[in-house]
Amino acid sequence: LSSASALVIAGSMAPGFPVGYQAQMAGWARRAGVPVFVDLQGEALREVVKQGPALVKINLSEFVATFLSHRFQGGEHSGVLAQPELADEILEAVADVSRQYATTFVLTRGANSILIAQGGDVRVVPVTPLSPTEVFNPIGSGDAFLAGMVARLVAAAPASDRHFTMAALADACVFATACAQSNARTARPGFLEDSFALDYRA
């Protein structure tokens, strides 16, 4: 771990791993001074977030199901969470959760805006969606988004830095969205277009 620029903990564990292993990994990385980026939900996320990862990237419906299921209902594509403009009550609830944890939350909303929540401050990053004719295969777009965000943030800050400014996070969201949309325009999940420029600037 000491030579790593970042640790990404994402997805569900394969059978055979001990309970709490993801949180253990986050703790090892934190002690080694390596920033941790997380894409988990439910109990696994609630345990890992106690270790103070640098960033948690999930969609808003996963965030609500993990931390606010007693207050809101709805999925990524239906209900109050899928509205183009979110109610103030939802934004305030997201801010309240972010005050409780020493991490940054980046909450995607499909083709809608992205929320960045950090220490009670919430910023909305607008997204220009692809047209239906541009989408070839959206599978893997979430992973492409996370990969783009990690690459952008790690390149912009020292590996030991676990706190990113709102400006850096907003910039990383733009780049990550470009990665996700490039993935959606390709046939193979997890691949970007050959013409995609890694030094993309919005």
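A residue counts as buried when its relative accessible area is under 20%. Keep that cut-off in hand, because at 0% relative accessibility Phe63 falls below it and counts as buried. We'll come back to Phe63 in a moment; one thing to know before going further is that this is a predicted model.

Let's start with the whole protein. Its secondary structure comes to six helices and six strands. Walk along the chain from the N terminus and the elements run β-α-β-α-β-α-α-β-β-β-α-α. The C-alpha atoms fill a box of roughly 45 × 40 × 35 Å, taken along the principal axes. With 202 residues, a compact globule would have a radius of gyration near 17 Å, and the 16 Å of this protein agrees with that. Of those 202 residues, 45% count as buried. There's plenty of contact between distant stretches of the chain, too: among contacts between residues at least 6 apart in sequence, 59% join residues at least 24 apart.

Now for the opening part of the chain. Strand S1 (residues 7–10) is joined to strand S2 (residues 36–39) by four bridges, and the two run parallel. If you want a spot to look at, find Leu7, which stands opposite Val36 in S2. Between these strands comes helix H1 (residues 21–31), and S1, H1 and S2 together make a right-handed β-α-β unit. The pattern then comes round again: S2, helix H2 (residues 42–48) and strand S3 make another right-handed β-α-β unit. Here two bridges join S2 to S3 (residues 55–59), and these strands also run parallel. Val38 is the residue of S2 that stands opposite Val56 in S3.

S2 is worth a second look. In a regular strand the side chains alternate between the two faces of the sheet. In S2, Val36 and Val38 point one way while Phe37 and Asp39 point the other way, and all of them are buried.

Next comes helix H3 (residues 60–67), home of Phe63. Seven of the eight residues of H3 are buried, so the helix is largely enclosed by the rest of the structure. The buried ones are Leu60, Ser61, Glu62, Phe63, Val64, Thr66 and Phe67. What do they pack against? Their neighbours are H2, S3, helix H4 (88–99), S4 and strand S5 (114–118).

H3 also brings us to the aromatic rings. A search of the whole structure finds eight aromatic pairs. In one of them, the rings of Phe63 and Phe67 have their centres 5.2 Å apart and their planes at 50°, so the pair is tilted. These two residues sit four residues apart in H3, about one turn of the helix. An α-helix has 3.6 residues a turn, so residues three or four places apart point the same way. Phe67, at 13% relative accessibility, counts as buried.

Phe67 has another ring partner, Phe105: their centres are 5.8 Å apart and their planes at 75°, so this pair is edge-to-face. Since Phe67 lies in H3 and Phe105 in strand S4 (residues 104–108), the pair ties together parts that are 38 residues apart in sequence. Both Phe67 and Phe105 are buried. Taken together, ring pairs link Phe63, Phe67, Tyr101 and Phe105 into a cluster.

Following Phe105 takes us into S4, which pairs with S5 in the antiparallel sense over four bridges. Val106 stands opposite Ile116 in S5. The hairpin of S4 and S5 has five residues between the strands, and Gly110 there takes a positive phi near 65°.

How many residues of S5 are buried? Five of its five residues are, and the strand is mostly covered. Ile114, Ile116 and Gln118 sit on one side, Leu115 and Ala117 on the other, and both faces are covered.

From S5 the chain goes on to strand S6 (residues 121–125), which is joined to S5 by five bridges and runs antiparallel to it. Val125 in S6 is the bridge partner of Ile114. This hairpin has two residues between its strands, and Gly119 takes a positive phi near 55°.

One last stop is a charge over a ring: Arg188 lies over the face of Phe191, at 3.9 Å from the ring centre.

Terms used: Residues are numbered from 1 along each chain as its sequence is written. This is a predicted model: local features need pLDDT of at least 70, side-chain atom pairs count only at pLDDT 80 or more; totals for chains, interfaces and linings use all residues. Side-chain values use heavy atoms; hydrogens and water are left out. Rings of Phe, Tyr and Trp (its six-membered ring) pair if their centres lie within 6.5 Å; planes under 30 degrees apart count as stacked, over 60 as edge-to-face and the rest as tilted. Buried means under 20% relative accessible area, exposed over 50%, partly exposed in between (1.4 Å probe, protein chains only). A charge sits over a ring if NZ of Lys or CZ of Arg is within 6 Å of the ring centre and within 35 degrees of the ring normal. Two strands pair if DSSP finds at least two bridges between them. A crossover is right-handed if, with the strands pointing away from the viewer, the path from the first strand over the helix to the second runs clockwise. The radius of gyration is taken over C-alpha atoms; the globule rule is 2.2 Å times the number of residues to the power 0.38. Contact means heavy atoms within 4.5 Å.
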